[in-house]
Amino acid sequence: MFDIDGVLVDTREIVRRAYAEVGIELPDQLWGSTWRTWLPERCGGDLLRAQAVHDQKTQSHLDLLSRSRVTTLAGAEAARALHSCGWTVKFITSGTHEVVQRTLDSADPSLSGFLAGTDLDSMGKRRALDGISPAGGVYVDDNYDLGVKVTEGSTWKLVHFRDQAETELIKEISTVWMS
């Protein structure tokens, strides 16, 4: 199981630009967190205003994607390689479905077939993991703290993506899976 943003595709700058276009700064420590966990506070506790700001950010994000190409990362190559060896590979994310679909289409349309869940907070990701395999597996995330929240106390094991090369990431995933 792979997180998308920061593992499969490099979206950090485009996400920051989309938020900046609606007047919101996205701090590093919130990267990978669903907007519902932090944007309402930035909007004075007003959930309706936060939803409106998020909707505007989503439109900005979609506009930016229409003019930009998203770069794949080593995680995408590792996912493809593992899938070709018979591993079950799925992707989950806190991103909204429409943005994620457009992002994957921009980066590599073949990745879309692995999408298993969008717009998920850490507990939503945990439920998605458990729904896919209650027996567990390996979850790859670039946000270590969020990855720990998702996997802690479960049968899933975390691999922290730190921009490893494809072969190094595959080796780490295999080692963690066998441990």
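Where is the place of Thr155? In this predicted model, Thr155 lies in the loop that connects helix 7 with strand 7. The relative accessible area of Thr155 is 42%, a value that falls between the limits of 20% for buried and 50% for exposed residues, and Thr155 is therefore classed as partly exposed. Thr93 and Thr155 are 62 residues apart along the chain, and a distance of 19 Å separates their C-alpha atoms.

The loop that holds Thr155 leads into strand 7, which comprises residues 156-160 and pairs with strand 6. The two strands run parallel and are joined by five bridges. Within this pairing, Val140 is found opposite Val159 of strand 7. Between strand 6 and strand 7 the chain passes through helix 7, formed by residues 144-151, and the resulting β-α-β crossover is right-handed. Strand 6 itself, spanning residues 137-141, is mostly covered, with five of its five residues buried. In a regular strand, side chains point alternately to the two faces of the sheet.

The arrangement of the helices was examined next. Two packed helices are described by the distance between their axes and by the angle between them. Helix 7, the helix of the crossover, has helix 6 (residues 122-132) as a partner: their axes come within 8 Å and cross at roughly 50 degrees. An angle of this kind is neither under 35 degrees, as required for a roughly parallel pair, nor within the range of 65 to 115 degrees for a roughly perpendicular one, and helix 6 and helix 7 are therefore oblique to each other. The crossing of helix 6 with helix 7 is right-handed.

A second helix pair is formed by helix 1, residues 12-21, and helix 3, residues 47-67, whose axes come within 8 Å and cross at roughly 130 degrees. Helix 1 is thus oblique to helix 3, because the angle lies between the perpendicular range, which ends at 115 degrees, and the antiparallel range, which begins over 145. Helix 1 and helix 3 also cross in a right-handed sense.

Cysteine residues were considered last. A disulfide is a covalent bond that links the sulfur atoms of two cysteines. Zero disulfides were found when the whole structure was searched. Cys43 has a relative accessibility of 5% and counts as buried, because this value is under the 20% cut-off. Cys85, in contrast, is exposed, with a relative accessible area of 62%, which is over the 50% limit.

Terms used
Residues numbered from 1 in each chain as written. Predicted model: local features only at pLDDT ≥ 70, side-chain atom pairs only at ≥ 80, totals over all residues. Heavy atoms only, no water. Buried < 20%, exposed > 50% of the residue type's maximum accessible area, 1.4 Å probe, protein only. Helix = DSSP H or I, 4+ residues; strand = E, 2+ residues; numbered from the N terminus. Pairing = 2+ DSSP bridges. Right-handed = clockwise from strand over helix to strand, strands pointing away. Disulfide = S-S within 2.5 Å. Axes fitted to C-alpha atoms, helices over the stretch in contact; angles between N-to-C directions. Left-handed = near helix turned anticlockwise from the far one by under 90°.
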